[in-house]
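Here is a short briefing on one protein model and the ligand it holds. Look through the structure, then follow the points topic by topic.

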Amino acid sequence: MNYKIGVISGDGIGPEIVKEAKKILDKAGEVYGHTFSYDEILMGGVSIDATGVPLTDEAIAQAKAADAVLMGSIGGNTSTSPWYQLPPELRPEAGLLKLRKSLNLFANLRPAYLYEELKEACPLREDIIGDGFDMMIMRELTGGLYFGTRVTEEREGLMTAVDTLTYNEQEIRRIARRGFDIAMKRRKKVTSVDKANVLDSSRLWRKIVEEVAKDYPEVTLEHMLVDNCAMQLVKDPKQFDVILTENMFGDILSDEASMVTGSIGMLSSASLNDTKFGLYEPSGGSAPDIAGKGIANPIATILSAAMLLRYSLDLDQEADAVEHAVKRVLKEGYRTIDIMPQEEEKKSSVTQVGTSEMGYLIAERIQK
Ligand code: NAD
């Protein structure tokens with residue numbers, strides 16, 4: 001089958017890491033009998049340079065016409081790049097926010113997985129890590145506190161700021177369904193995180209999540225208060241499979257979960273709407289400090305491409321093959337500079353490679 005992939009290479013290391021992810025998709029296609037055609041979409045600084053705006057209507061139309069979009073990263077050095085002299089709505093990041101909105105990407109998925117070989121990057125104690133952890137944070141991305149009405153005004157002689165946290169049942173139901181669907185592809189456990197002891201929005205969240213859970217009898221549902229979840233993530237991360245939560249809680253918890261895994265160059269992410277469509281990108285930025293040096297770690301983008309195969313194209317075997325190839329390369333001791341071990345004696349047992357060699361090594365290990 002042929003799949004049409006929109007590709008946003010973007011700025012900084014974006015083009016370097018996307019090139020490797022395309023290499024991986026092509027190899028997976030060759031092994032499993034698919035073809036991928038790529039449509040280059042301009043967004044971010046490169047779009048500003050070419051068109052004057054970070055995202056054109058034409059670019060949005062291109063993204064909508066694709067089966068899924070694979071993205072590198074956008075943006076430049078925020079202190080020195082002329083892009084950051086522009087008004088906020090014309091800066092590179094405004095393109096990404098506009099794209100998320102135009103495509104109604106309400107569900108953000110961020111896996112936190114600890115590779116056996118990268119255990120030393122994990123700041124947690126050995127006895128807590130055990131034989132590793134593998135969780136998925138499912139965060140609501142277009143509602144809640146970040147999108148509610150806000151005002152700062154003088155009230156009874158005092159400057160007062162108000163932010164509003166609103167969720168309706170439809171917004172909760174659609175993200176909950178996504179969370180349970182993902183759990184069905186994993187270890188079939190959902191931890192729904194809220195603050196139902198205090199917030200009305202959380203009490204509605206809990207009620208709707210329980211209703212949705214009835215349609216997924218194979219999935220175990222538990223509720224956890226957000227403060228407890230923040231503690232449990234560092235006390236016993238192994239207990240989690242899918243963490244389902246609202247926008248602000250997810251913002252904080254997903255960063256906490258990713259930090260306990262170690263390197264930013266390993267962290268993939270996906271943003272989904274209510275069709276199969278999704279935008280897949282590494283969690284890191286455009287890393288202008290290392291752009292063009294051929295040393296960026298392409299693994300987060302390669303793992304994002306694996307998520308694309310799994311969640312937008314339903315190619316689970318192909319996604320497994322890519323993830324397996326990444327594990328093999330790490331097991332064989334290949335590392336980009338950001339995941340090289342610190343201690344000298346450990347360094348001797350691993351081989352440092354650049355961006356394109358890492359892509360090549362992973363592609364070579366994709367097999368049925
Ligand atoms: P960053 O994530 O780009 O870089 C932080 C550090 O991590 C740097 O030292 C960088 O070299 C390193 N790093 C990041 N990705 C790496 C990789 N794949 N391999 C090896 N090392 C890697 O964050 P920043 O410096 O705060 O931001 C730089 C630019 O990226 C800014 O313009 C910012 O707005 C933008 N940004 C874009 C996105 C996105 O495209 N979704 C996300 C975050 C930041």
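Gly33 sits just after helix α1 and takes a positive phi of about 80 degrees. This is a predicted model, where local features need pLDDT of at least 70, side-chain atom pairs count only at pLDDT 80 or more, and totals for chains, interfaces and linings use all residues. Residues are numbered from 1 along each chain as its sequence is written, and side-chain values use heavy atoms, with hydrogens and water left out. Helices (H or I, at least four residues) and strands (E, at least two) are DSSP runs, numbered from the N terminus.

**Helix α1**

- Helix α1 covers residues 14–32, which makes 19 residues.
- From first C-alpha to last, α1 reaches 27 Å, close to the 27 Å expected at 1.5 Å a residue. The expected span is 1.5 Å times one less than the number of residues.
- Many residues of α1 are buried, including Gly14, Ile17, Val18, Ala21, Ile24, Leu25, Ala28 and Tyr32. Buried means under 20% relative accessible area, exposed means over 50%, and partly exposed is in between (1.4 Å probe, protein chains only).
- An α-helix has 3.6 residues a turn, so residues three or four places apart point the same way.

**Other positive phi values**

- Asn104 has a phi near 55 degrees, a positive value in a residue other than glycine. Asn104 belongs to the loop between α4 and β4 (107–113). Its relative accessibility is 32%, so Asn104 counts as partly exposed.
- Lys188 is not a glycine either, yet its phi is positive, at about 60 degrees. Lys188 lies in the loop between α6 and β8. With a relative accessible area of 27%, Lys188 is partly exposed.

**The ligand**

- Which residues are closest to the ligand? They are Gly76, Glu93, Gly285, Ala287 and Asn297, out of 23 residues that surround the ligand. A residue counts as near if one of its heavy atoms lies within 4 Å.
- The shell residues divide into ten nonpolar, nine polar and four charged. Here Ala, Val, Leu, Ile, Met, Phe, Trp, Tyr, Cys and Pro count as nonpolar, Asp, Glu, Lys and Arg as charged, and the others, Gly among them, as polar.
- The side chain of Tyr84 has an N or O atom 2.9 Å from an oxygen atom of the ligand. A polar contact is a pair of N or O atoms within 3.5 Å; within protein, one must be able to donate a hydrogen and the other to accept it, and residues adjacent in sequence count only if both atoms are side-chain atoms.
- Glu281 places a polar side-chain atom 3.0 Å from a nitrogen atom of the ligand.
- Asn297 uses its backbone: an N or O atom there is 2.9 Å from a nitrogen atom of the ligand.
- On its own, the ligand has 810 Å² of accessible area, and the protein covers 69% of this. The areas come from the Shrake-Rupley method with a 1.4 Å probe, and for residues only the protein chains shown count as cover.
- The elements that give two or more residues to the shell are β3 (68–73) and α4 (92–102).

**Strand β8 and the loop after it**

- Thr191 is part of strand β8. Is Thr191 buried or exposed? Thr191 is buried, because its relative accessible area is 0%.
- The side chains of Thr191 and Glu222 make a polar contact at 2.8 Å.
- Asp194 is also in β8, which spans residues 189–194. Asp194 is at 0% relative accessibility, so it counts as buried.
- Beyond neighbours within four places in sequence, the contacts of Asp194 include Trp205, Arg206, His223 and Phe249. Contact means heavy atoms within 4.5 Å.
- Asn197 follows in the loop between β8 and α7 (200–213). At 47% relative accessibility, Asn197 counts as partly exposed.
- Leaving aside neighbours within four places, Asn197 is in contact with Arg203 and Leu225.

**Two more residues to find**

- Met184 is in helix α6 (residues 169–184). Met184 is partly exposed, with 29% relative accessible area.
- Not counting residues up to four places away, Met184 touches Tyr216, Glu218 and Val219.
- Ile295 is in the loop between β12 (278–282) and α10 (299–312). Ile295 counts as partly exposed, because its relative accessibility is 27%.
- Apart from neighbours within four places in sequence, Ile295 is in contact with Glu16, Ile290, Thr336, Ile337 and Thr355.
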